[in-house]
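Please read the following report beside the sequence and the three-dimensional view. It moves from the make-up of one chain to charged pairs and surface patches.

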Amino acid sequence: MINITIDGRKLQVPEGLTILEAARENGIEIPTLCYHEALEPYAACRLCVVELEREPKSQLVASCVYPCEEGAVVHTDSEMVRRSRRTTVELLMASSAHIPLIQELAAQMGIAEPRVRLESNDCILCGLCVRACKEIVGVSAISLVNRGVDKKVKPPFEIASRDCIGCSTCVFVCPTGAIKLEDIGEPKLVHHWASDFQVVQCRICGDHYLSPEPITDYERLFAEGA
Amino acid sequence: MNPNGTFLVNEIEDIVLNGYQNSMNGSLISILEDIQDRYHFLPKDALILVSERLGIPLSQTYSIATFYNAFSLVPKGKHLVSVCLGTACHVRGGGAILDKIRRELDLDSRETTEDFQFTVEEVRCLGCCSLSPVVRVDNDTYAHMTQARVPGILKKYQREKEALDE
């Protein structure tokens, strides 16, 4: 067991826990966007930062990946932490201020209007869909492509994915609703990755499931030549 | 190889198998660099083939290929002409040199010549501002560039091609 102090509370936690896990187990709330219990932590959103007391001065660490250390003193809601989180949320608002989840965070932190504005975008690049597709579904149909301001979630070559099985895990895990599942009437379903799937009705339970169809985009790609 | 034409599966197999037999895992970037060196870009089916050979999901290979500026997914010319437009080169007429090169190669709005001999790109500082304005062709750096020197320099690389053709 490891002794750690979070927000003045002395806690004993098992070795190997991250600060976020230790805090949540003890009812201390730390906001997160890119964290999901079922997935490997990613430390991308920087919303889970906490202040770790250090000599000569404290430092901010991402609690979702930082392991609890013996004797560590952590503050989850200090002035340093609040300032950092405010900036993070304000930057997210630049392109995603219309997303309810972001609005909720902004309201909590008292930010009315961001100082910068970018083109509106539903996706906050938290990478949950990419990691769910890789770690849970195991097909890695999508990934983050390009970098910097051009970064986005797309299947390879930005055409309908050959590996997508139409499970819609990405739709389920997406916190902002950027990935959409569109019912365009029987028997077709279309989602964000532009893959078409035939919906088949189970003869026993009556429920619907998806069966992957051959994807014409790939045929087109090879017809073009490399 | 002709960038528009057929691309040889065997050549990629060569690169992957002969170069990296003992260390396939973790060699993705080196392999992509080798392919980029040989073809001056990353052909789509090369990415697919490399992913299959290494057992890496295509989405991950594509992610890496699009992340690094050193990789290109569109065919590039045999010679890469980098015209510096950093502060020093810009002030000393880098823009006019770039225009002259583009006119000389008949580029209009394209980056690469039709015969895939040259790709012209702007760069922000090559790190030798005292030589400004600077143009780099492949690994050769040309200092204190003038518009008048452009045709001669380009010819040197065109002649290399003609010599090879003969």
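Helices (DSSP runs of H or I, at least four residues) and strands (DSSP runs of E, at least two residues) are numbered from the N terminus. By this reckoning, chain B holds seven helices and four strands, and along the sequence they follow the pattern α-α-α-α-β-α-α-β-β-β-α. This is a predicted model, in which local features need pLDDT of at least 70 and side-chain atom pairs count only at pLDDT 80 or more, while totals for chains, interfaces and linings use all residues. Residues are numbered from 1 along each chain as its sequence is written, chains are lettered from A and ligands numbered from 1 in the order in which they are written, and side-chain values use heavy atoms, with hydrogens and water left out.

**Chain B as a whole**

A residue is called buried under 20% relative accessible area, exposed over 50%, and partly exposed in between (1.4 Å probe, protein chains only). Buried residues account for 41% of the 166 residues in chain B. In helix α3 (residues 44–54) of chain B, the buried residues include B:Ala46, B:Leu47, B:Ile48, B:Leu49 and B:Val50, and the helix is followed by B:Gly55, which has a positive phi near 70°. Of the contacts (heavy atoms within 4.5 Å) in chain B between residues at least 6 apart in sequence, 61% join residues at least 24 apart. The accessible surface of chain B, computed by the Shrake-Rupley method with a 1.4 Å probe, is about 8900 Å², and 47% of that surface belongs to carbon and sulfur atoms.

**Charged pairs**

Side chains of opposite charge can pair when their charged atoms come close. A salt bridge is counted when a side-chain nitrogen of Lys or Arg lies within 4 Å of a carboxyl oxygen of Asp or Glu, and by this rule there are 11 salt bridges over all chains. The table gives some of them.

| Pair | N to O distance |
|---|---|
| A:Glu69 and A:Arg54 | 3.1 Å |
| A:Glu158 and A:Lys152 | 3.3 Å |
| B:Arg38 and B:Glu11 | 3.6 Å |

B:Arg38 lies in helix α2 (residues 28–39) of chain B and B:Glu11 in helix α1 (residues 9–20) of chain B, so their pair ties together parts that are 27 residues apart in sequence. B:Arg38 is partly exposed, at a relative accessible area of 40%. In chain A, the salt bridge between A:Glu69 and A:Arg54 links distant parts of the chain, with A:Glu69 in the loop between β4 (59–62) and β5 (72–75), A:Arg54 in the loop between β3 (49–52) and β4, and their positions 15 residues apart. A:Glu69 is partly exposed at 30% relative accessibility, and A:Arg54 is partly exposed at 31%. For the remaining pair in the table, A:Glu158 is partly exposed at 34% and A:Lys152 is partly exposed at 30%.

**Surface patches**

Patches are built from residues with over 30% relative accessible area and no salt bridge, joining like charges within 9 Å and nonpolar side chains (Val, Leu, Ile, Met, Phe, Trp, Tyr) within 5 Å. A patch of negative charge on the surface gathers B:Asp106, B:Asp108, B:Glu114 and B:Asp115. Among them, B:Glu114 sits in the loop between α6 (94–104) and β2 (118–123) of chain B and is exposed, at 69% relative accessibility. A nonpolar patch on the surface is formed by B:Ile29, B:Phe67 and B:Tyr68, which together have about 240 Å² of accessible area. Within this patch, B:Ile29 belongs to helix α2 of chain B and is partly exposed at 33% relative accessibility.

Technical notes
Lys, Arg positive; Asp, Glu negative; His and termini not counted. Charge placed at Lys NZ, Arg CZ, Asp CG, Glu CD.
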